[in-house]
Protein chains: 2
Amino acid sequence: MTAASRLSWIDVRDVIRARILAREYGLGAKLPRDEDLAAELGCTRTTVHRAMQDLAAAGLIDRKRKGGTHVLADPITRATIDIPVTRSEVLALGRAYAHRLISAQRAPSPAPITARFGAAQPRDMLHIGALHLADARPYMLEDRWVDLATCPEILAVDFAQISANEWLVRHKPYTRVEMRFFAINADAETATQLGCKAGEALLTVERTTWLGDAPITTVQAIAAPGYVLASKS
Amino acid sequence: MTAASRLSWIDVRDVIRARILAREYGLGAKLPRDEDLAAELGCTRTTVHRAMQDLAAAGLIDRKRKGGTHVLADPITRATIDIPVTRSEVLALGRAYAHRLISAQRAPSPAPITARFGAAQPRDMLHIGALHLADARPYMLEDRWVDLATCPEILAVDFAQISANEWLVRHKPYTRVEMRFFAINADAETATQLGCKAGEALLTVERTTWLGDAPITTVQAIAAPGYVLASKS
DNA sequence: AAGTGGTCTAGACCACCTT
DNA sequence: AGGTGGTCTAGACCACTTG
């Protein structure tokens, strides 16, 4: 027999999750109140709360004050993706990192870029093209816009020494980020830059960041063929 | 002046986050002990702990017992992606949903599929091809393998009535999932099935799920051209 | 209006990890 | 071996949201 010294929130979570998985609490069903579960399992409401918090974060249940706790009627699969600085990502693969500046021009943001930030008017920006290399081969192509009102210091950065990607991450923290993932066919120019055939399928990640409400940067990162993005454990 | 009735963990989190963003605690720097922060800010250690928990989940800090709390030396961008049942996804777009079974054959898993599960030996599986439609147009193409040892009931399912995707999500909960995102060029067969041109770039999501250590299913979902996967707010 | 989850306090003990 | 974060309890009050 196992001595149950005290019930940890992980135990509680596992019990509740098991009941959900076994459909003891079916899809869309309402769970007992935290207090009742606490009484039933022999722990504090705080402990049940901690367990529920974890299940909610995992996307298994939905909680509302007064409304109670419900199993999600439409189950979802939730994945977390970590995107490191490209230099670190390459180094972590055990490959040599380098980057190359392609272009950097000051210009007002074109409509699609303005729209990404949800801004009404075009903004004064720096438009940067850059290529990340792994073992001297093209790894990722960046097409980036940096808001100069929020981030004037970028004008003084020497992109021969540090990529815009890394400079921004290290010097311009953000509070909000939106990401979009999609696939594109390499056009002629992209193919040349990435050293692949025109038409090849390329995974593309679009990232836009803000500091509060102020736009910082938006980037379209086009990965070389074969790139795979994996979810965190 | 604002009356500070009591300090909520969100306030504490914002203070600490602001310090990190302002590089008051620089990259890789060690933060004060929870207890000291609590004393400084005038709240309980529990409240500081709750704030730290949030910052750790966001990927800003790293905590270790005895080691203390550190700002991550290599900042990462963390995104969460929710993947609903395909039917729900289509309906949420305000489009009509339908699905079509392409094939369903019992077969031992080929090496690449066996490997996805980390299994040593081929397993008895059901191989299913299916097409999801939105407004009667191809939306997503599924190439799925279901483990029959774990999930024999799948053999009795009528895929004319419910897609394997939805049946599994509703009847076979999982405890672990791994996802991979990449881009592929449509081959001739895929192009025909998705109603696009051969060679078009298609976003592909590979999902593999387990219940404990037991394999459940692995699926390669190929989205029609134009598909975009967005991170959760 | 009231029920339910969310949070805070105060204090104690535990467990992990670095030193 | 000791310091730090992790957790649990017990009780109180708060705030959202639904009936």
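Here are a few friendly notes on the sheet and the two DNA strands in this predicted model.

1. A word on conventions. Because the model is predicted, local features need pLDDT of at least 70 and side-chain atom pairs count only at pLDDT 80 or more, while totals for chains, interfaces and linings use all residues. Residues are numbered from 1 along each chain as written, chains are lettered from A and ligands numbered from 1 in the order written, and side-chain values use heavy atoms, without hydrogens or water.

2. The sheet takes strands from both chains. Seven strands make an open, antiparallel sheet in the order E10(A)-E7(B)-E8(B)-E9(B)-E6(B)-E5(B)-E4(B). E10 (229-230) of chain A and E4 (97-108) of chain B are the edge strands, each with a single partner, so one side of each has no neighbour in the sheet. Helices (H or I, at least four residues) and strands (E, at least two) are DSSP runs numbered from the N terminus, and two strands pair if DSSP finds at least two bridges between them.

3. Look at the join between the chains. E10(A) and E7 of chain B (residues 176-185) run antiparallel and are linked by two bridges. Ala230(A) has Arg180(B) as its bridge partner in E7(B).

4. Now DNA strand C. It is surrounded by 22 residues, the closest being Arg45(A), Arg63(A), Ser8(B), Trp9(B) and Thr44(B); a residue is near if one of its heavy atoms lies within 4 Å. H3(B) gives the largest share of this surface, three residues. Twelve of the surface residues are charged, seven polar and three nonpolar. In this scheme Asp, Glu, Lys and Arg are charged; Ala, Val, Leu, Ile, Met, Phe, Trp, Tyr, Cys and Pro are nonpolar; the others, Gly among them, are polar.

5. Individual atoms of strand C are worth a look. A side-chain N or O atom of Arg45(A) is 2.4 Å from a base oxygen of DNA strand C, and one of Thr47(B) is 2.5 Å from a phosphate oxygen of that strand.

6. Finally, DNA strand D. Ser8(A), Trp9(A), Thr44(A), Arg45(B) and Arg63(B) come nearest among its 22 surrounding residues. Sugar and phosphate make up 70% of the atoms of DNA strand D within 4 Å of the protein. Phosphate oxygens of DNA strand D lie 2.3 Å from a side-chain N or O atom of Arg63(B) and 3.1 Å from one of His49(B). H3(A) contributes the most to the surface near DNA strand D, with three residues.

Note on methods:
Polar contact = N/O pair within 3.5 Å; in protein donor to acceptor, adjacent residues only side chain to side chain.
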